[in-house]
Amino acid sequence: MLDAWLDLVHGGGCVGCAAPGRSLCHDCAERLPTGGRPVRPTPCPPGLAACFAAGEYADLLRAMVLAHKEHGVFALAGPLGRVLAAATAAVVPATPTLLVPVPSRASVVRARGHDPMLRIARAAGHTLSRSPGRDGRPVRVARLLEVRGPVRDQAGLDARQRAANLSGSMAVRAGTRRSLARARVPVSIVVCDDVLTTGATAREAQRALEDTGVPVRAIVTVAATRRRLPVSTAPSQPGLPLFGRGD
Ligand SMILES: [Zn+2]
C-alpha cells in the first residue's frame, strides 16, 4: 500500500499529504519532531549504548524514510537530516562530535544508487555544525564502518536471528582507525541509523567500534519502531521509554 502511494506521489507531491509541489510541504515539515528522546528496544541486546530517536517509525517519518531510501527522493535528505540533528543535539549538546552512519553493503548501495544513511548523516552534520551554542565545535561525519562478509536480508528475522545474522558483519575501516588514533581532541562518537527496530544493527556497529577501542557515546536514529510489550511484563517496566500512540 505504502509503496504504491509513494510511487504515486514521489514524482511531484508531498510524501506526507500528497499536496502537489514539493516532496515535503510546509505544513508537513512543521509537524516534524524537533528533539529526541531515549528509546529502548524490547528485548534489548545486552550492552546496547543509550539510544535516542526523534519519533515513532510511522506515518510521516516512515513515509519520508522510505521515499528517500527506496525511491531516491533526495530532497528529503535535508529534512531527515534536520530530524536526526534534533535528536542528536539532545545527546551531545556542544562537544566535538563524530557521526558514524551505519554502513550498507556495497551491493545494496549500488542497487539503490545511493547510500541513504550517509546522505542523512551528512545533512545532520551540516545542520548541527551551524546550530547556535556549538561555538565552532565541529560535527563531522566519519564513515568509520564497513560491512564485511555476507549478511542475509533482515526482513522476517526475529531479534535473536537478526543478532546472529549480523554478528561480526561490521568492521572499522583500516584507514579511519589510524586517523582516529592520531586524533588528540576527545570526541563523542554517535552511531546514526534511520530506524531503530530490534537494536541488532546498532549493537553490531557499536561492537565493531568498541572492539577497536572506540567508545560509543550513543546511538541516534530518525525513528524507532513501536514495540509491543507482553502485557505481563508491561507493569514491571513503567519507565521503559517507548513511542506510543498519541505521543
Ligand atoms: Zn504535506
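This passage describes the largest pocket, the cysteines, the ring contacts and some backbone features of a predicted model.

The largest pocket was examined first. Its space amounts to about 890 Å³. The pocket is lined by 33 residues. Closest to its centre are Lys69, Arg112, Gln154, Asp194 and Thr201. Several helices and one strand, β7, each supply at least two lining residues. The helices are α3 (59-71), α5 (106-112), α6 (116-129), α7 (159-166) and α9 (200-211). The strand β7 spans residues 188-196. The largest share of the lining comes from β7, with 4 residues. Sorted by class, the lining holds 16 nonpolar residues, 8 polar residues and 9 charged residues.

The cysteines were considered next. A search of the whole structure returned 0 disulfides. How far is the sulfur of Cys51 from the closest cysteine sulfur? The distance is 6.3 Å, and the partner is Cys44. A disulfide requires two cysteine sulfur atoms within 2.5 Å. The sulfur of Cys51 is therefore too far from that of Cys44 for a bond. Cys51 has a relative accessibility of 2%, so this residue counts as buried. Cys14 is also buried, because its relative accessibility is 0%. The cut-off behind both statements is a relative accessible area under 20%.

Aromatic rings were then checked for contacts. The structure holds 0 aromatic pairs. A charged residue does lie over a ring, however: Arg119 sits over the face of Phe74. The distance from Arg119 to the ring centre is 3.9 Å. Arg119 also appears in a comparison of sequence and space with His68. These two residues are 51 positions apart in sequence. Their C-alpha atoms are 9.7 Å apart in space. His68 belongs to helix α3. Is His68 buried or exposed? Its relative accessible area is 1%, so His68 is buried.

A second pair was examined in the same way. Ala205 and Ser169 are separated by 36 residues in sequence. In space, 8.8 Å lies between their C-alpha atoms. Ala205 is part of helix α9, one of the helices that contribute to the pocket lining. Ala205 has a relative accessible area of 0%, so this residue is buried.

Backbone geometry gave three further points. The first concerns a proline. Which form does the peptide bond from Thr42 to Pro43 take? This bond is cis, and its omega is near 0 degrees. Pro43 is located in the loop between β1 (37-39) and β2 (51-56).

The other two points concern positive phi angles. Ala18 is not a glycine, yet its phi is positive, at about 70 degrees. Ala18 lies in the loop that joins α1 (2-9) to α2 (26-30). With a relative accessible area of 30%, Ala18 is partly exposed. Asp59 is not a glycine either, and its phi is positive as well, at about 50 degrees. Asp59 is placed in helix α3. Where does Asp59 stand in terms of exposure? The relative accessibility of Asp59 is 66%, so the residue counts as exposed. The cut-off for this label is a relative accessible area over 50%.

Helix α3 thus links several of these results. It holds His68, which is buried. Helix α3 also holds Asp59, which is exposed. The helix supplies at least two residues of the lining of the largest pocket.

How values were computed: Residues are numbered from 1 along each chain as its sequence is written. This is a predicted model: local features need pLDDT of at least 70, side-chain atom pairs count only at pLDDT 80 or more; totals for chains, interfaces and linings use all residues. Side-chain values use heavy atoms; hydrogens and water are left out. On a 1 Å grid over the protein atoms alone, a cavity is a set of points where a 1.4 Å probe fits but cannot get out, and a pocket is an open set with protein on both sides within 12 Å along at least five of seven lines; lining residues have an atom within 4 Å of a point. Grid points are joined across faces, edges and corners, and a volume is the space filled by probe spheres set on the points. Ala, Val, Leu, Ile, Met, Phe, Trp, Tyr, Cys and Pro count as nonpolar, Asp, Glu, Lys and Arg as charged, and the others, Gly among them, as polar. Buried means under 20% relative accessible area, exposed over 50%, partly exposed in between (1.4 Å probe, protein chains only). Rings of Phe, Tyr and Trp (its six-membered ring) pair if their centres lie within 6.5 Å; planes under 30 degrees apart count as stacked, over 60 as edge-to-face and the rest as tilted. A charge sits over a ring if NZ of Lys or CZ of Arg is within 6 Å of the ring centre and within 35 degrees of the ring normal.
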